[in-house]
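Please walk through this model with attention to its covalent cross-linking and to the enclosed spaces in its interior.

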Amino acid sequence: MVLWCGWNRVVSALAVVMVSGLTLVSMPGAAVADPGGGHDRTQAAMDAAVRVGVPGVLVGAYDGKSWWDGAAGVADRTTGRPPQAGDHFRAGSITKTFVATVVLQLEAKGRLRLDDTVEKWLPGMVRGNGNDGSKITIKQLLNHTSGLFDYTKDHPAAKWGTKQWLDHRSDTFKPEQLVALAVSHRPTHQPGGPYNYCNTDYVLAALIIEKVTGHSFESELRQRIIEPLGLTGTVLPGTDKTLPSPHGRGYTEFLEEPGVLHDVTEYNPSFIRGTGDLITTTGDLDRFLAALLSGRLLPPAQMKEMTTKVPGSNYGLGLATWRTACGVEVWGHNGVWAGTEAWTVGTRDAKRRLSLNFNNGLFFGHETLVGDIVNAEFCPPPNSR
């Protein structure tokens, strides 16, 4: 059974779900017949996703012994070029795992405390309409229990499921504007209440990184994660609308034209700064997740914090967990935005991992298709002994 936390799959033209939350407690999808062993079942699940409408699928996987790159479909519907290892794509909300990691690194160094309030570091920013930054902690930002309104639910630039989004794809936003939009609404619940996925939380977390360190959150992520791990394909684009080469194209359907794919590769990602703007590759996502889960980025105390789930959810601090169809527990994050759906998951011991990208981000995601691919990679073939 698929369980949902704070994400309504019924989408209207006036309320489109934006950067995806981690909502699935168990991976949907079925086991795939094994046509030949190795990663063939994973490839078969990727090919099946293309047959039902995904233009292109790119996967990188580590099975405990070796690395495998897989691709299906096309990266560019005009030229017919297939997806290829090393292609750059937008990672969406996987950005949150990077941000949470830096916050926890700062905690480990005594630069901040998880029970510090938002008001302490960003005085006056979260006030009014029932919002009170003095009652919201950094931990509540990272685990989405702040109760703040998600600013992406109230702006035309967020409605990438409708053609209205096209009019705002080049707009530049400052993070303070996004927070102001959020606090113009009443909170959804009191701080410390139930898990409720909220992009505002990570816009604030990135701003707190900047206040604590005196540097931009982009420079802190580069210095603390990207450069030490050699993530040469990972960038934080600021207001740059383009993707580094090589890259494919990104496609999205609009509610006004169901079934018709539009090229939405280029847009200004400042609207999702700190919460969904990272650009990366499958190889870089794998290196990051391997380092994180194996304890190379955070001390044990901070990893324990990160993997402690909010009661009733599958979400910790910027990291979530699911169980595959065969009961294997995997940890990671996903991200959905215009033209992209990305996932990175691995076993808690980091010995098996998978990162993937679909080059069409739908406002309701492709969870069943992703589940088929993850189940094929992490589960033994049906009837195997």
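**Cavities and a disulfide**

Ala157, Trp165, His168, Arg169, Asp171, Phe173, Tyr267, Asn268, Phe271 and Trp337 line the second largest cavity. This is a predicted model, and the volume of the second largest cavity comes to about 60 Å³. Sorted by class, the residues lining the second largest cavity are six nonpolar, two polar and two charged.

That space belongs to a set, since the structure holds three cavities of 30 Å³ or more. The largest cavity has a volume of about 210 Å³, and its lining is made up of 22 residues, among which His88, Phe89, Arg249, Asn357 and Asn359 lie nearest the centre. Two elements, strand S1 (56-62) and strand S3 (89-92), give two or more residues to the lining of the largest cavity, and of these contributions the one from S1 is the most, with three residues. In terms of class, 10 nonpolar residues, nine polar residues and three charged residues make up the lining of the largest cavity.

From the enclosed spaces we can turn to the covalent cross-linking. A disulfide is a covalent bond between the sulfur atoms of two cysteines. How many disulfides does the model contain? The count comes to one disulfide, which is formed by cysteine 326 and cysteine 379, with their sulfur atoms 2.1 Å apart; that separation satisfies the cut-off, under which the two sulfur atoms must lie within 2.5 Å. The link of cysteine 326 and cysteine 379 is left-handed, with -90° about the S-S bond.

Where do the two partners lie in the chain, and what does the pair tie together? Cysteine 326 is found in the loop between strand S9 (320-323) and strand S10 (329-337), while cysteine 379 is in the segment after helix H10 (367-378), so the disulfide ties together parts that are 53 residues apart in sequence.

Is each of the cysteines buried or exposed, given that buried means under 20% relative accessible area and exposed over 50%, with partly exposed in between? Cysteine 326 has 38% relative accessibility and therefore counts as partly exposed, whereas its partner, cysteine 379, is buried, with a relative accessible area of 9%. Cysteine 198 also counts as buried, at 1% relative accessibility.

Note on methods:
Residues are numbered from 1 along each chain as its sequence is written. This is a predicted model: local features need pLDDT of at least 70, side-chain atom pairs count only at pLDDT 80 or more; totals for chains, interfaces and linings use all residues. Side-chain values use heavy atoms; hydrogens and water are left out. Helices (H or I, at least four residues) and strands (E, at least two) are DSSP runs, numbered from the N terminus. Buried means under 20% relative accessible area, exposed over 50%, partly exposed in between (1.4 Å probe, protein chains only). On a 1 Å grid over the protein atoms alone, a cavity is a set of points where a 1.4 Å probe fits but cannot get out, and a pocket is an open set with protein on both sides within 12 Å along at least five of seven lines; lining residues have an atom within 4 Å of a point. Grid points are joined across faces, edges and corners, and a volume is the space filled by probe spheres set on the points. Ala, Val, Leu, Ile, Met, Phe, Trp, Tyr, Cys and Pro count as nonpolar, Asp, Glu, Lys and Arg as charged, and the others, Gly among them, as polar.
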